[in-house]
Structure formats: structure tokens, C-alpha cells
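Trainee: I'm about to look at this one for the very first time. Could you walk me through it while I ask questions?

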Amino acid sequence: MALEILKLNRGVEGLFIKNSRFNTTLISYNFYLPLNKDTVAANALLPFILTSCSKKYPDFSRLNLKLAKLYGARLNATAEKYGDYQLLKMTISVINDKFSFEDESLVKNASKLLLDLIFEPNTENGAFFSEDLEREKRKAIEHIKGEISEKRVFAKKRLIEEMYKDEVYGLPKCGTVEDVEAITGGSLYNTWKNMLETAFVRVQVVGKTVPEGFFEEVSERFANIKRKNVTNCTESTKTNAIKNPNTVVDRMDVAQGKLCLGFSSELYGNDSVALPLMVMTDIFGGGPYSRLFANVREKMSLCYYCSASSIRQKGLITVESGVETENCEKAQKEILNQLQIVKKGKFTDFEFESSIKSITDSLNSYNDSQNSIDLWYAIKINNKKLYSPEDIAKKVAKITRDDVIAAAKGVKLHTVYKLLPKEASN
Amino acid sequence: MKKEFFENEIGEAYVKATLDNGLKIFILEKPQYKSAYALFGTKYGSIDTIFNVNGKETAVPEGIAHFLEHKLFESEDGDAFTKFAKTGAYANAFTSFDKTCYLFSCSDRFYENLDILLSFVQSPYFTEATVKKEQGIIGQEIRMYDDSPAWRVMFNMLMAMYHNHPVRIDIAGTVESIAKIDYKLLFDCYNTFYNPSNMFICIAGNVDADTCLEQIERGIKPSKPHEIMRIKPKEPYEVVTNYTEQSLEVAQPMFCFGFKQEVDETPLTVKEKIIIAMLLNIISGDASPLYKELINKGLINDEFESEHFCGDGYSALIFEGESSDPKAVAKEIKNEIGRLKRDGIDKKLFSAIRASMYGSAIRMFNNVESIAMSLTDCAMNDTSLFDELKYLRSITLEDVSRKLKCFDTENTVLSVINPK
């Protein structure tokens, strides 16, 4: 069944993704803004402060009690980088009305609650209250500082920072501690206004039905806002190939070293264009049939994990591994050797076919997860056609070995990042 | 084969079957779904370090259940990953304190995948060379966990809480302990614990239960049930020490604050577990007065959570998170329990939390993986998948208050990871 995008307002779209298999209904608001050094931290703080309190629920504890009463409705906020854009996402999910003990419209109440949180925050005289602001700032700062705890995640974040030093994509997704510290109640109020006025917005419902009058109400709320300079989510810039790859080493008091490699790819862009890159990355370092798993882990016994992933809208491939310091060079050499094998088309038919099957099998499972299906469509914002996961699965099935080899040819090493124990010498 | 059917008021239904050799099978059909999830498990985890079968007592190196999990993927005719790669299924396995499970999920060719699962779990193949290779890989897995503060803070707490119970040892063992593993020991463990009478299969999703049952009955190799005696050293009631700390590369301290509980001979019932889960929510859930206080004082952030950690011979209530002052958090938690004992539980909070847990129990049926995992709990504890929804309707404030009264707030461990 083809999905239909509703144009609710200038740059505001509504989408109903009908799916009757779930016991819950999910409503999601997706705000897209350009990534920018000056706004990244304040933008990222918004989804969190907006989902912590509102005019009607000025106390976060009362809001949490309300959610519990709505049979444990789940309110969720994230701020992620999506190519050269920032995606601020707020969702609520609630069990369907038929499960309520009283004759209560849970879905309608939950959808109204989230709408109020976004449009009627707890502010006064053009500023957020300092109590709320300081609480959310503290949590954001602790979150940013806490990124060093999980070394695998930290190492990848450092790789991206190094690869895109002079580009917006290199910005940390929640800004820096200094950026967060500089936010005031008044400046955040303006950030909020700016989001409502200029973000490209996609509002989605995943479930059996749309709550009565829902999209009309969203449309009305936006009609009261002066929509201007709406973010035009065009394609992100491609990762530049560089002649001499960089090597960056950080030292920390850790037991195991982390090795991260970043590559640029000639092929890039949205789903349907860059699909061969997805297959190529998977053959290189996806499932257990991949070159990296079979060789670096199983044959050479160098690591527990060694895997590749791609960000297609940036033309970026990353490889991550955890290795002993003395094996770092050996692992790096072998990773690059495996890439050469893929480039020369010397991967086996088994590896190629396994990859295609694994990707299509997983795409065909998407509709069984409410969150996955919401995210799938939420990031389809400038595509001419709204491809379903099954549509893409069919396209993947048609990809040939030559498509994969062609995609691999444009892949070049860009940066090697190592997080090594302090005492080690290389 | 003995078959039982269960259904509940929200329209979910499943079948439980027991084969003559003792294998238990649980299947919940979700015809409107595209995918399915299947899991083949054994009641064998890191805590089963000493056991007795047919009068012979065996003590094995720490981490061997997990090691066996890695090795079972290899069979004489190639490894299981290669076979799953041919169908496109996602395959994996995990080892916990009390179980080892092998699983796959797929949206196509389910019955082929089920055959692969049945076959590889029943075809052990270990050689000296393959054991050696795995020591390198698992060695790196252990080293990875050495750097994980979230993992360390938990195990440091367990070591400070338990004198003798093997729940205090790391699931993967140590680089030294796994060096002692050889293929003969692996076979000993396999033959003891991978007997169908100690095993279960749980399936949820787009499958036909009868077809699955027939296929499983055909695919299970003949075997005789045997009795396994798990030998657990005596565990004193008191903790080893109230405080433990370690320094790692973290930005601010991480903590795990645990209340060691008395363990009876008879395991906790589903109802008792729900009451404890409710109690945790009442003490420190995000709608509780304590949570509000801790957030407002700047003592916790969104990482804060609580859990009831329990199994064969162990039970603890755990509060964990990040804090600039873990000792202050621990003190506040103790004070709040004292206050609740004195002043009683707020009725409104109780009914909101009951509604919330009811909603979560319904939400669980959204996802085939969650269902299969819940069926695993049923297999491990001999309970019904629908007990939770049933009890959530009937549990009263008095039930929870009674439990609160017997809560010992002194038998505790605070484990802290400090920044370097």
C-alpha cells in the first residue's frame, strides 16, 4: 500500500504509517535543522527540556506520574546528526485504547500531551525557567563528558571529529561542554522559536488508526507560527578523498587498544542511489560471512570484533576493532588487505550472496518493529518516492557483483584513529 | 509429546509442549508478523562451576559455559554461521549466569533455519586447535570488558556481596581461567548440560506451531534424561564488605548500590517478583519523590536505574547510575526506604505504577524477540507467560507494603568506579 504524505503547512509534513500488528500507537515529531557550530548544542538540548516539563506540567515528576497513569506511555527524545543536518526527535508511544480498564482514549490523550509539550513549554517572559534549564544543562554536560566511558563509542566519535575537522559533520552531536554552558533561558527560548519557525518537520503516526483530528490540530498549531526560511534538506556534502591518509593517536589508561579506520567513498547519496555501497560494506565487514570477521577475527584470532559500517548520505565507511597494542599494525594491514580483495572482486559468490540475503531478510523484518518503521520513514525527507523497506529489499536483490566492485573502487583510506594504552610505544 | 494451550484476555495464545526426553518447547504464533525469532537454550550458565552427574563430581574452570557457547558454532561439516549465511537469517548466542542460548531471527525460510539451529546445537565438535584459536578471541572479549566501567562496577559489587556463590565470578572468566580449558572438559560440560531434559526451545512470530513441533520432535537426537546436581557452596547472609572501589577512565563516578536479600529454598514466585519490581518503582522510579529529590540535588542523571537481580541462590535489589557523590545517593536511598516504612506508600503512586507496569506487560507482546525472551523465563522458572498480566490486576497496596516491611537496609554494598 502506497503511503501518502500530507502537506500540513509550509515545510510541515504528516505521514500515517498504517500497521495493525502492534498493541501500541507511536507518534513522532521530527524536526530537521542545519548542523551549525553556533546552534548545535542549544538545538540538541531542546528535545530534552521540552519532554521534561510544560506549562501544564511544570514539574517533571508530575509529568512522569501522568505518563505512568497513561499505562506507562513512553516519552522519548533524541538529537542525532543526519548527514549535514540535525534531527531533533520527540516521540510518545502508548498502548491502544482497547486495553484500558476505563473507557479512556489513551492514544488521543498521549498525542495531546506531546503536542502540548512541544508547543506550550514552561516559559515566562520569553525565557525558560532557570531551574529547568540548569537541570537539563547539567544532564547534557554529564552526558557529553561521559562519552569517554564506553571506549568503542568514544573512539568512533573521535575518528569522525578528526575526519571532518573543518566541516559541520565533525561537530559533536550535542555540542561541547562550553557550548552548553553558554545557553541561557532567553537564548534557548529563541532556539525553540527558531525550531518551530524554520525546521523542516515530519510528524508521523505508526499504528492502527490516527487519533481523530490529529493532523488537523498539528496543522492548526503550525498555522499560528510564522514559518520562514524553512530548512531545505538537500543532499549532504560528500566526504573528500585525501591523498595522504592521516593517523591520529590518543592515549588513555585502558587495557585494550581501539583501532578505527575511516574511508571516503565516491558513491554516496540516498537509499536507492548508494545501495551498492551498503552491500559492499557488508561484504567487507558486516555479518559473520564478511571478510573482516572471517579473517581478522576467525583466521588470525586478533580481536573479538572487527566490523564495517557506512553512512551513505556522507559517502563514509568506518571500520572498528578492539585489539592489543602490539597487534594494531598487523590488524590495520589486514583490514586494508581485505579491502583490496573486495576492490579486485576477489570476494566469493558465497560472501556476495550471503550479504544480499542478510540485507534483504533484515529489511523485510522492518515492519515488525514500530520504532524501526518510524525511523525508516522519518529520514526519507527529500526523496521523490517513499520507498518501503520491501521496495528497497527488491532493489538490493538486483545488485550485481560488478556494482559492488564499482562501489569499492571509489573507497579510499582517509584517517586511522587509535586509542592506545598509556605505556605502549606504537 | 505432552501439549498444553494457554490464552489470555488480550488475545494472545501459546502452546507449551514437553517431549518424552524432557525437552520443553514454547511457541507463540504471530501470523500478522513477517518475521520470527527462535531460541534453543540450556539451563547452564557461569554459575554452574561444580556439578555431579551419576555420582561423579566435577569442578570446571571459570568461564567455560561461555567458552562452550563460542565453540558450539563449529561443527565437523562447517560452522553454523556459514549455514545461516545461506538463508540470510541473523544468528547469535549469549551466556548469562544461569543459561546459554542460541538464537536466530529471520523473515524468510524459517523452517530451514530451525533445522540449522537444531542441528548445530546438537553437534559438538572441538579440537585442540580450534580451542586454542578461541582463547585468543575470548581473551580480547575479556579485555574489552576490563575497560567497561558499567561491567566492572557491577562485578565489583557482586564480588563484595557474595563470599562463595559463583555469581561473583565474571561470565567470561579470566584470561588465566580460560587457558585451562581443553576440548575434553568442553565435552564433559556439553554431555552434562546439553541433555534435552535440561533444555528448552522458544519460538515467537510468523510460524505454524504444529509444523514446528513435528520438526523439532524429528530433529532431536534420542537421549535419556539425567539428573544434574548443581553444587553450590554455602553462602552467608552477610555481605563481604559494604564498600568497594576502582579507578578507570570515566568522567564522573559510576555506582552500583545493592541490597543483598535472604534466599529461601523455594524460588521466588512470579507474584513476589512483580511485588519487588513495583517496590523498586515506588522507591526510586521516575515518578517517585526520591527520584525528584536526587535529580533536583544534582545527584543523578538519566542513567539512573534499578533492578531486581535474582536466580538460583542469589537475590539483590540494585540501584545504579552516575553521580558526583555516590555515597550521598546511597544514603538518600536508605533514608527513603526508612521513610516509606514509617509513613507508608502513597496510594496514587501505587496505582499509577501498577497501571504503568500493566502497560509494559501489554507492550511486551509487540516484539517477537521480547516474547521469545519472556518464554525463556517461563522455561527457566516453570511459569506462565500470562502470569504477569494476571497478577498485575490483583496485587494490592497491602501486598507491596508487607514486602517493604521485611526489607533489610543494612546488608548492602556500594561499588564505585572513580575517575583516574
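Mentor: Sure, let's begin with a definition: buried means under 20% relative accessible area, exposed means over 50%, and partly exposed is in between, with a 1.4 Å probe and protein chains only as cover. Helices (H or I, at least four residues) and strands (E, at least two) are DSSP runs, numbered from the N terminus. This is a predicted model, where local features need pLDDT of at least 70, side-chain atom pairs count only at pLDDT 80 or more, and totals for chains, interfaces and linings use all residues. Residues are numbered from 1 along each chain as its sequence is written, chains are lettered from A and ligands numbered from 1 in the order in which they are written, and side-chain values use heavy atoms, with hydrogens and water left out.

Trainee: How many of the seven residues of strand S10 of chain B are buried?

Mentor: Strand S10 of chain B covers residues 100-106, and the rest of the structure largely encloses it. That follows because the buried residues in this strand number six of the seven.

Trainee: Which residue of S10(B) is the bridge partner of B:Phe40?

Mentor: Two strands pair if DSSP finds at least two bridges between them. Strand S4 (residues 36-42) of chain B is joined to S10(B) by seven bridges, and they run antiparallel. Within S10(B), the partner of B:Phe40 is B:Tyr102.

Trainee: And what is the bridge partner of B:Ala91 in S10(B)?

Mentor: Strand S9 (residues 90-95) of chain B runs antiparallel to S10(B), with six bridges between them. A hairpin with four residues links S9(B) to S10(B). Across from B:Ala91 in S10(B), the bridge partner is B:Phe104.

Trainee: Which strands are the edge strands of the open sheet S6-S5-S12 in chain B?

Mentor: That sheet has three strands with antiparallel pairing, in the order S6-S5-S12. An edge strand here pairs on one side only, and that fits strand S6 (56-59) and strand S12 (229-230) of chain B.

Trainee: In S12(B), what is the bridge partner of B:Asn52?

Mentor: Strand S5 (residues 50-53) of chain B and S12(B) are antiparallel and joined by two bridges. For B:Asn52, the partner in S12(B) is B:Met229.

Trainee: Over in chain A, how many residues of S12(A) are buried?

Mentor: Both faces of this strand are covered: A:Leu316, A:Thr318, A:Glu320 and A:Gly322 are buried on one side, and A:Ile317, A:Val319, A:Ser321 and A:Val323 on the other. S12(A) is therefore largely enclosed by the rest of the structure, its buried residues being eight of the eight.

Trainee: What stands opposite A:Leu261 in S12(A)?

Mentor: Strand S10 (residues 257-265) of chain A pairs with S12(A) through eight bridges, in the antiparallel sense. Opposite A:Leu261 you'll find A:Val319.

Trainee: Which residue takes a positive phi in the hairpin of S11(A) and S12(A)?

Mentor: Strand S11 (residues 306-311) of chain A runs antiparallel to S12(A), with six bridges, and A:Ile311 stands opposite A:Leu316. Four residues lie between the strands of this hairpin, and the one with a positive phi near 65 degrees is A:Gly315.

Trainee: Let's turn to charges. How far apart are the closest N and O atoms of A:Glu217 and A:Arg221?

Mentor: A salt bridge is a side-chain nitrogen of Lys or Arg within 4 Å of a carboxyl oxygen of Asp or Glu. Both residues lie in helix H8 (residues 214-223) of chain A, four residues apart, about one turn of the helix. A:Glu217 is partly exposed at 27%, whereas A:Arg221 is buried at 15%. Their closest N and O atoms are separated by 3.6 Å.

Trainee: What is the N to O distance between A:Glu324 and B:Arg143?

Mentor: The side chains of A:Glu324 and B:Arg143 form a salt bridge. A:Glu324 sits in the loop between strand S12 (316-323) and helix H11 (328-343) of chain A, and B:Arg143 in helix H4 (residues 128-146) of chain B, so the pair joins two chains. A:Glu324 is buried, at 13% relative accessible area, while B:Arg143 is partly exposed at 25%. Their N to O distance is 2.8 Å.

Trainee: Last one: how many salt bridges are there over all chains?

Mentor: The pairs we discussed include A:Glu217 with A:Arg221 and A:Glu324 with B:Arg143. Over all chains, the count of salt bridges comes to 60.
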